[in-house]
Amino acid sequence: TLAGAATTPTENIKVLMSPKARHAVAFGTNPVGSSTLDRMLIRWSDDENLAVWTINTTTKAGQRRLTRGSTIITALSTRESILVWTDTSLYALTWIGGEFVFSLDLLAEQIQIAGYNAAGVLNDSVYWLGYSGFYVYRGDVRDLPCAVQDYILKDVDWDYADKISCGSNSGFHEVIWFYVSTSSSDGEPDKY
């Protein structure tokens with residue numbers, strides 16, 4: 001319904017604004033001319049123009065398809081890039097300007113994120129919970145040491161992984177995850 005909109009995505013897993021050039025970016029979206037969701041496709045609008053998604057020589061709109069995994073799970077803006085998790089991998093979508101607009105770099109394979117909101121940013125580091133542990137990204141992906149990791153991984157009711165939510169407390173340099181435990185009576189987050 002946006003005036004002048006053309007080829008705008010209508011089905012998306014997630015939409016964010018790019019941190020540098022202010023492109024709207026759709027993750028897991030429908031290709032131009034189709035209403036069918038492509039779970040690995042990323043599309044972006046012209047810079048500072050939510051209405052223009054047409055890819056041609058007069059716009060900065062574009063698209064890239066991820067090759068590792070079968071679906072985009074989520075994406076998170078950082079100061080420099082947008083991190084994109086699939087069900088098997090982690091990518092960085094970084095604004096470079098010019099003709100190509102964004103670079104797309106594979107950061108890690110055989111890595112997972114537990115859910116849509118299971119990642120957070122604190123002090124230029126990205127933290128997330130996967131099915132096998134906690135992770136941090138500070139230029140490279142590393143396991144995050146955690147004294148209670150084994151307890152938490154056994155306590156999470158993984159049937160409700162989509163309800164895991166990451167938060168941060170910058171005053172104390174803390175990262176926290178809310179989750180549904182195996183002892184929850186209503187399937188709602190009850191522990192952190």
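This passage walks through strand pairing, salt bridges, aromatic pairs, a buried serine and the cysteines of a predicted model.

Local features need pLDDT of at least 70 and side-chain atom pairs count only at pLDDT 80 or more, while totals for chains, interfaces and linings use all residues. Residues are numbered from 1 along each chain as its sequence is written, and side-chain values use heavy atoms, with hydrogens and water left out.

Strand 7 makes a handy starting point. Strands here are DSSP runs (E, at least two residues), numbered from the N terminus, as are helices (H or I, at least four). Strand 7 covers residues 89-97, and seven of its nine residues are buried, so the rest of the structure largely encloses it. Buried means under 20% relative accessible area, exposed means over 50%, and partly exposed is anything in between (1.4 Å probe, protein chains only). Two strands pair if DSSP finds at least two bridges between them. On one side of the story is strand 6 (residues 81-86), which runs antiparallel to strand 7 and is joined to it by five bridges. Within this pairing, I82 has L93 of strand 7 as its bridge partner. The two strands form a hairpin, with two residues between them.

Then comes strand 8 (residues 101-109), which pairs with strand 7 over eight bridges, again in the antiparallel sense. Here A92 sits opposite D105 of strand 8. Strands 7 and 8 also make a hairpin, this one with three residues in between, and G98 in the turn has a positive phi of about 65 degrees. As a general point, side chains in a regular strand alternate between the two faces of the sheet.

Next, the charged pairs. The structure holds eight salt bridges, each being a side-chain nitrogen of Lys or Arg within 4 Å of a carboxyl oxygen of Asp or Glu. One of them is E80 with K20, where the closest N and O atoms are 3.4 Å apart. This pair links distant parts of the chain, 60 residues apart: E80 is in the loop between strand 5 (72-77) and strand 6, and K20 is in the loop between strand 1 (12-17) and strand 2 (24-29). E80 is partly exposed at 44% relative accessible area, and K20 is partly exposed at 43%.

The loop between strands 1 and 2 turns up again with R22, whose side chain meets that of E48 in a salt bridge (3.4 Å, N to O). E48 lies in the loop between strand 3 (38-44) and strand 4 (62-65), and the two residues are 26 residues apart. E48 is exposed at 59%, while R22 is partly exposed at 46%. A further salt bridge joins D38 and R65, with the closest N and O atoms 2.9 Å apart. Since D38 belongs to strand 3 and R65 to strand 4, the pair ties together parts that are 27 residues apart in sequence. D38 is buried at 17%, whereas R65 is partly exposed at 48%.

Aromatic rings come next. Rings of Phe, Tyr and Trp (its six-membered ring) pair if their centres lie within 6.5 Å; planes under 30 degrees apart count as stacked, over 60 as edge-to-face and the rest as tilted. The count comes to six aromatic pairs by this rule. One is W44 with F102: the ring centres are 4.8 Å apart and the planes stand at 70 degrees, so the pair is edge-to-face. W44 is in strand 3 and F102 in strand 8, 58 residues apart. Both rings belong to buried residues, with W44 at 3% and F102 at 3%. W128 and Y135 have ring centres 5.5 Å apart and planes at 25 degrees, so that pair is stacked. W128 is buried at 0%, as is Y135 at 9%. Ring pairs link W85, W128 and Y135 into a cluster.

S181 follows strand 14 (174-178) in the chain, and at 1% relative accessibility this serine is buried. Its side chain makes a polar contact with that of S183 (3.0 Å). A polar contact is a pair of N or O atoms within 3.5 Å; within protein, one must be able to donate a hydrogen and the other to accept it, and residues adjacent in sequence count only if both atoms are side-chain atoms. Leaving out residues up to four places away in sequence, S181 touches D155, D157, D190 and K191, contact being heavy atoms within 4.5 Å.

Finally, the cysteines. The structure holds zero disulfides, a disulfide being a pair of cysteine sulfur atoms within 2.5 Å. The sulfur of C146 has its closest cysteine sulfur in C166, 12 Å away, which is too far for a bond. C146 is partly exposed at 31%, and C166 is buried at 15%.
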